[in-house]
Amino acid sequence: MNITYFGQSCFLFEIGDNRILFDPFISPNELASSIDVNDIKADYILLSHGHQDHVHDAEQIANNNKATIIAIHEIATWYGNKGVENTHPMNIGGKVTLPFGTVKMVSAVHSSSLPDGSNGGVAAGFVVETETQTFYFAGDTALTYDMKLIPEQFDLDFALLPIGDNFTMDIHDAMVAADFVQVDTVIGMHYDTFPYIEIDKEQVKEVAKMVDKKLILMEIGQTINL
C-alpha cells in the first residue's frame, strides 16, 4: 500500500483502488502550505476525534469527492447535519466491512469536542485489516493497557502512533505502545505542528533505535510504500 503524509496526523492510504484519508488538518497547517486540499482524492475519511487539528478539512474533502466520513456516532451525525452526503457512524468496539477490508474502532484515551463546541463523543483509534496488511492508527491517545487487546485479535504489520508529548504519548510511551501491540515498525505522527509538540527528530530516532524499533518520520507530501 502507498502512504502519503499531509502533516500532523493526516495520512492518505492507497489500498487497491480505494483511497482512505485519516484526520485531515491541512489548510491551516503552515508546515503543509505546499499541499492543495482540493487536489486530494479520497473515498473514505476516518476521523479519530473531533478536535480541529484532526477534522478541519474533512467537510471540504468529503464534499469534493463524495467521500464517506467514518467516525464515532456524534461526529458522523454532526457532519450529516451539516449536509455531508455520506457518513458512517461507529462506536468503540464496532467493526465495519468496506471494499478494501475491515475497520474496527478501538479505544483511545483523549478528549473530544467539535470545532463549534458540540459533543464529539469519545476519542478513538482504528485497526484496518486488508487482504495483505493490517495496521493500527492510534489517533490521539495516552499509553493504555487496552492496547494489549489488539494483538489478541489482529496480527499487525505496523502502527501509526503519536509521539509529540504534551497532548498525547511521547516517544518513550509510544515505544511501550509498540510493544503492547506487537509491532516493530512505527510511523510517527502528531508532532512539530505547534510549539507544544515540537520534537528533536534525531533524539526520538535514537530512542526507537535503542529498543530495536523502526521509526519512520515522513516528510509532508512524501509517499512511501509498505
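In this predicted model, the buried residues of helix α6 pack against α5 (171–180) and β13 (214–216). The residues in question are Val204, Val207 and Ala208, from a helix that covers residues 201–210. Looking down the axis of α6, these buried residues fall within an arc of 95°, so they line one face of the helix. That fits the usual helix geometry: with 3.6 residues a turn, residues three or four places apart point the same way. The other side of α6 holds exposed residues, namely Glu202, Gln203, Lys209 and Met210.

Both ends of α6 have something to show. At the N-terminal end, aspartate 200 acts as a cap, with a side-chain oxygen 3.1 Å from the backbone nitrogen of glutamate 202. Just after the helix comes aspartate 212, which takes a positive phi of about 60°.

Helix α5, one of the partners of α6, can be read in the same manner. Its buried residues are Ile171, Ala174, Met175, Ala177, Ala178 and Phe180. The cover over them includes α4, β11 (158–162), β12, α6 and β13. The N-terminal end of α5 is capped by aspartate 170, where a side-chain oxygen sits 3.1 Å from the backbone nitrogen of histidine 172. After α5 comes glutamine 182, with a positive phi near 60°.

Strand β12, part of the cover over α5, runs over residues 185–189 and includes threonine 185. This threonine has a relative accessible area of 18%; because the cut-off for buried is under 20%, threonine 185 counts as buried. Setting aside neighbours within four places in sequence, threonine 185 is in contact with Asp157, Phe158, Ala159, Lys214 and Ile216.

Positive phi values also turn up elsewhere in the chain, and they deserve a look for a simple reason: most residues other than glycine have a negative phi. Glutamine 8 is not a glycine, yet its phi is positive at about 55°. It belongs to the loop between β1 (2–5) and β2 (11–15). Lysine 66, likewise not a glycine, has a positive phi of about 55°, and its loop lies between α2 (58–65) and β5 (68–72). What about their surroundings? Glutamine 8 is buried, with a relative accessible area of 1%, whereas lysine 66 is exposed, at 57%.

That leaves the largest pocket, which holds about 170 Å³ of space. Its lining is made up of 13 residues, and those nearest the centre are Val106, Ser107, Asp146, Leu149 and Ile150. Two elements, β8 (101–107) and α4 (150–153), give two or more residues to this lining. Strand β8 gives the most, with 4 residues. By residue type, the lining divides into 7 nonpolar, 4 polar and 2 charged residues. Helix α4 thus appears twice in this account, as a contributor to the pocket lining and as part of the cover over the buried residues of α5.

Conventions: Residues are numbered from 1 along each chain as its sequence is written. This is a predicted model: local features need pLDDT of at least 70, side-chain atom pairs count only at pLDDT 80 or more; totals for chains, interfaces and linings use all residues. Side-chain values use heavy atoms; hydrogens and water are left out. On a 1 Å grid over the protein atoms alone, a cavity is a set of points where a 1.4 Å probe fits but cannot get out, and a pocket is an open set with protein on both sides within 12 Å along at least five of seven lines; lining residues have an atom within 4 Å of a point. Grid points are joined across faces, edges and corners, and a volume is the space filled by probe spheres set on the points. Ala, Val, Leu, Ile, Met, Phe, Trp, Tyr, Cys and Pro count as nonpolar, Asp, Glu, Lys and Arg as charged, and the others, Gly among them, as polar. Buried means under 20% relative accessible area, exposed over 50%, partly exposed in between (1.4 Å probe, protein chains only). The arc is that of the directions from the helix axis to the C-beta atoms. Contact means heavy atoms within 4.5 Å. A polar contact is a pair of N or O atoms within 3.5 Å; within protein, one must be able to donate a hydrogen and the other to accept it, and residues adjacent in sequence count only if both atoms are side-chain atoms.
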